Amino acid sequence: MRVFITGGAGFIGSHLADYYVAAGDQVTILDNFSTGSKANIAHLDGKVTTVEGDIRNVDLVESLTKDADLVLHMAAALGVNTILESPIESISTNITGSEVVLNAATKFNKRIIIASTSEIYGKNPKQPLSETDDRVVGAPQKIRWTYSDAKAIEEAMASALHQEKKLPVTTVRLFNTVGLRQTGRYGMVVPRFVHAALKNEPITIYGDGTQSRVFCHVADAVQAIVTMAAKDSTIGDVYNVGGTGEVTIKELADQVLAVTGSQSQITYTPYSEAYPAGFEDIHRRVPDISKVKAAINWVPTKDLKQIISDIAAQ
Ligand SMILES: NC(=O)c1ccc[n+]([C@@H]2O[C@H](COP(=O)([O-])OP(=O)(O)OC[C@H]3O[C@@H](n4cnc5c(N)ncnc54)[C@H](O)[C@@H]3O)[C@@H](O)[C@H]2O)c1
């Protein structure tokens with residue numbers, strides 16, 4: 001099989017590339033190396049075709065899509081810092097770029113998986129969050145919400161293309177996914193804490209640490225994505241993919257200290273100092289994963305301790 005991965009030099013995309021290379025498939029990666037890196041795929045040198053370019057380049061995306069059997073659309077601008085620091089580029093990548101990729105898959109009638117996000121649900125207080133739950137988001141002028149808005153447009157476009165043009169698309173709403181190769185540079189909390197702990201530097205919690213999340217090991221997320229890609233019964237539908245075991249960010253910091261044996265101190269920075277004015281955090285975010293379990297018989301297998309020790313070992 002020929003697999004085309006947009007954002008294949010990124011965190012999740014590179015793990016998907018690993019999976020398909022190991023399975024004997026032909027993998028082509030398109031990446032602009034903005035948040036992804038050559039180091040993430042250096043071990044795949046000679047085993048994958050890597051194209052440096054932008055998902056907004058219609059001719060390039062069409063030519064790579066035409067030659068593929070499966071498209072995995074992972075490229076996006078993400079991470080709190082990226083979104084807040086480069087809002088125009090982020091909106092353009094996430095809306096225009098995704099439109100280009102979806103249109104190319106439609107033009108050549110290719111099976112495609114798109115990576116959406118739990119950010120779709122915004123600040124909906126209902127927990128756990130199920131696929132049909134409402135989006136509750138702030139004003140579009142608050143840059144923080146533009147990632148959620150752009151991903152929602154992408155999902156809506158995918159759904160419309162499925163309905164009107166029979167695009168064989170599955171939408172995967174990933175909740176906080178973590179593991180090897182994820183960088184803390186763009187505001188991802190687990191690698192940021194682990195890297196600080198390993199250097200015995202202060203672990204800085206933004207806010208009061210009572211906000212909670214559920215983390216999913218990237219190996220589990222990849223297993224869910226590849227299983228869905230292989231199952232035509234998931235076409236035209238949307239699935240949450242996330243872990244189990246809600247933790248507060250303070251509990252996460254404590255676990256990072258315990259697993260790494262670090263002497264780091266835990267410190268607190270108010271949101272007003274950590275982020276530009278108007279930043280709103282989401283207090284809880286817990287996935288309801290019953291739909292994906294029922295559809296593909298998938299459950300996450302790795303716990304937070306495993307996630308932390310894998311990141312610490314990289
Ligand atoms: N990691 C998570 O917790 C998480 C949660 C929800 C959704 N997602 C989604 O999963 C996908 C993969 O995320 P990730 O965590 O691997 O992030 P990542 O930043 O590591 O990967 C994104 C990749 O896309 C590339 N890219 C960005 N803009 C591009 C452009 N214009 N053209 C070509 N390539 C471009 C980047 O260089 C990077 O390699 C994204 O769509 C993201 O929105 C991730």
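Helices here are DSSP runs of H or I covering at least four residues, strands are runs of E covering at least two, and both are numbered from the N terminus. Everything shown comes from a predicted model.

**Figure 1. The whole protein, with its twelve helices and 13 strands.**
Before we zoom in, here is the full chain. Measured against a compact globule of 314 residues, for which a radius of gyration near 20 Å would be expected, the protein's 19 Å agrees. Along the principal axes, its C-alpha atoms fill a box of roughly 55 × 45 × 40 Å. Of the 314 residues, 45% are buried. Among contacts with a separation of 6 or more, 78% link residues that are 24 or more positions apart.

**Figure 2. Helix 7 (residues 189–198), largely enclosed by the rest of the structure.**
Seven of the ten residues in helix 7 are buried, so the rest of the structure largely encloses this helix. To find them in the view, look for V189, V190, P191, F193, V194, A196 and A197. The cover over these buried residues includes two strands, strand 7 (177–178) and strand 8 (203–206), along with helix 9 (249–260) and helix 12 (304–313). Follow the chain past helix 7 and you come to N200, which has a positive phi, near 55°.

**Figure 3. The shell of 28 residues around the ligand.**
Which residues come nearest to the ligand? They are G7, G10, T35, G36 and A76. Two or more shell residues are given by each of helix 1 (11–22), strand 2 (26–31), helix 5 (87–107) and strand 5 (111–117). Helix 1 supplies the largest share, three residues. Sorted by class, the shell holds 13 nonpolar and twelve polar residues, with three charged ones completing the set.

**Figure 4. Helix 1, mostly covered along its twelve residues.**
This is the helix with the largest share of the ligand shell, seen here by itself. From first C-alpha to last, helix 1 reaches 17 Å, close to the 16 Å expected at 1.5 Å a residue. Nine of its twelve residues are buried, namely F11, I12, G13, S14, H15, L16, A17, D18 and Y20. After helix 1 comes G24, and its phi is positive, near 90°.

**Figure 5. Strand 4 (residues 70–73), whose residues point two ways and are all buried.**
How do the side chains of strand 4 divide? L70 and L72 point one way, V71 and H73 point the other, and all are buried. Strand 4 pairs with strand 1 (residues 2–6) in the parallel sense, over four bridges. It also runs parallel to strand 5, joined by four bridges. A good residue to pick out is H73: its bridge partner is T6, and in strand 5 it stands opposite I114.

**Figure 6. Strand 1 and its pairing with strand 2.**
Strand 1 is largely enclosed by the rest of the structure, because four of its five residues are buried. Besides its parallel pairing with strand 4, strand 1 pairs with strand 2 in the parallel sense over five bridges. One bridge to look for has V3 partnered with V27 in strand 2. Strand 2 is also one of the elements giving two or more residues to the ligand shell.

**Figure 7. A295, a residue of helix 11 (residues 290–296).**
Is A295 buried or partly exposed? With 17 other C-beta atoms within 10 Å, A295 is partly exposed, since being buried takes 20 or more. Leaving aside residues up to four places away in sequence, A295 touches S233, T234 and Y239. For a sense of scale, T183 lies 112 residues from A295 in sequence and 31 Å from it in space, C-alpha to C-alpha.

**Figure 8. E280, in the loop between helix 10 (271–274) and helix 11.**
E280 has 14 other C-beta atoms within 10 Å and is therefore partly exposed. Its contacts, not counting residues up to four places away in sequence, are K123, G138, K142 and R144. Looking across the protein, E280 and Y19 are separated by 261 residues in sequence and by 36 Å in space, C-alpha to C-alpha.

Definitions and conventions:
Residues are numbered from 1 along each chain as its sequence is written. This is a predicted model: local features need pLDDT of at least 70, side-chain atom pairs count only at pLDDT 80 or more; totals for chains, interfaces and linings use all residues. A residue is near a molecule or strand if its C-beta atom, placed from the backbone, lies within 6 Å of it. Ala, Val, Leu, Ile, Met, Phe, Trp, Tyr, Cys and Pro count as nonpolar, Asp, Glu, Lys and Arg as charged, and the others, Gly among them, as polar. Two residues are in contact if their C-beta atoms, placed from the backbone, lie within 7 Å. The radius of gyration is taken over C-alpha atoms; the globule rule is 2.2 Å times the number of residues to the power 0.38. The expected span of a helix is 1.5 Å times one less than its number of residues. Two strands pair if DSSP finds at least two bridges between them.
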